[in-house]
Amino acid sequence: MLSLAFALAAAAVAADDEDALSLGPPPTDFSEAELDDPSPSRGGALSALGSPAALEAVCADAEAWASCNGLLMRSADDASAFEHAPFALLPARFPAEQLAHAAELAPTFGLLVDKIVDDLPWLMATLREAADSDPFTKRLMKLCERVQREGESQKARLAVLRSDYMLHEPDGGAEPPRLLQVELNTIAASFASLSNRVSALHAYLAARWPAVRRQLWDDAGRPSRLKLENVLPSNPSVEKIAEAIARAHGVY
């Protein structure tokens, strides 16, 4: 019922929005004439969405989409209920070459982790000091030692990893921005599914709301045509993880 209320609220405020009332799926390819706004707003990305009522409508639409498309997490207040996971209403600007660089690094870091697993004496010695002050790491090391005592049941293994980066932008722009790795996480990899849903949400909002498209168009340097797939790259993480599990099952 709450999701229906969100959807109705969004539809009511967007009654004059031709995209909101169009039949069939909204388009994803737009010309400059369709994107140009004769009276651009000022004050940042969210203000570009228009009036407070329009912003409220976009938020309601996003929350309704999240509730219907799995962008959810269990409620901290009620274990039997779910709420939408936190998300940014608009996508953040990120250099395409650095995104491609992160994708290129993934197989190398995967190989590095795999090699470390084969050198357990080095791994244990490296983590010993951390385990003295971190109970979680200590439990993991005890589990690892137990597995080694019992012996491997097979040689094949599958790792689902999450590599986190921040974009380093030196002051003054004297150097180009570059990636700095924050951590490589071998446990909390569930954000792959949430990030997949957030990417789909941004594509949905951009196709539906002209103000969101205009913001993307401005960020892209106002090209003569805006193809959403060029500024909002797909995020097939869920499909890729499923494919990896299927291949691992085949090896098993």
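Just after helix 9, G221 has a positive phi of about 85 degrees. Keep that in mind as you try these exercises on a predicted model.

**Exercise 1.** Find out which residue other than glycine has a positive phi, near 55 degrees, and where it sits.

*Solution.* Start with the angle: phi of R222 is near 55 degrees, and R222 isn't a glycine. As background, most residues other than glycine have a negative phi. Next, the place: R222 belongs to the loop that runs between helix 9 and strand 6 (225-227). Last, check the cover: R222 has 39% relative accessibility, so it counts as partly exposed, because that class lies between 20% and 50%.

**Exercise 2.** Decide whether R213 is buried or exposed, and work out what its side chain meets.

*Solution.* First, locate R213: you'll find it in helix 9, which spans residues 210-219. Its relative accessible area is 6%. Buried means under 20%, so R213 is buried. Now look at the side chain: one of the polar atoms of R213 lies 2.8 Å from the backbone oxygen of A207. R213 has buried company in helix 9, including A211, V212, Q215, L216 and W217.

**Exercise 3.** Name the residues that make a nonpolar surface patch of about 440 Å², then place F136 and judge its exposure.

*Solution.* Begin with the members: F136, L140, L143, V147 and I187 make the patch. Then take F136, which is in helix 7 (residues 135-150). Finally, its relative accessible area is 40%. That value falls between the 20% and 50% cut-offs, so F136 is partly exposed.

Key
Residues numbered from 1 in each chain as written. Predicted model: local features only at pLDDT ≥ 70, side-chain atom pairs only at ≥ 80, totals over all residues. Heavy atoms only, no water. Helix = DSSP H or I, 4+ residues; strand = E, 2+ residues; numbered from the N terminus. Buried < 20%, exposed > 50% of the residue type's maximum accessible area, 1.4 Å probe, protein only. Polar contact = N/O pair within 3.5 Å; in protein donor to acceptor, adjacent residues only side chain to side chain. Patch = residues over 30% accessible without salt bridge, like charges linked within 9 Å, V, L, I, M, F, W, Y side chains within 5 Å. Areas by Shrake-Rupley, 256 points an atom, 1.4 Å probe, with all protein chains shown as cover. Salt bridge = Lys/Arg side-chain N within 4 Å of Asp/Glu carboxyl O.
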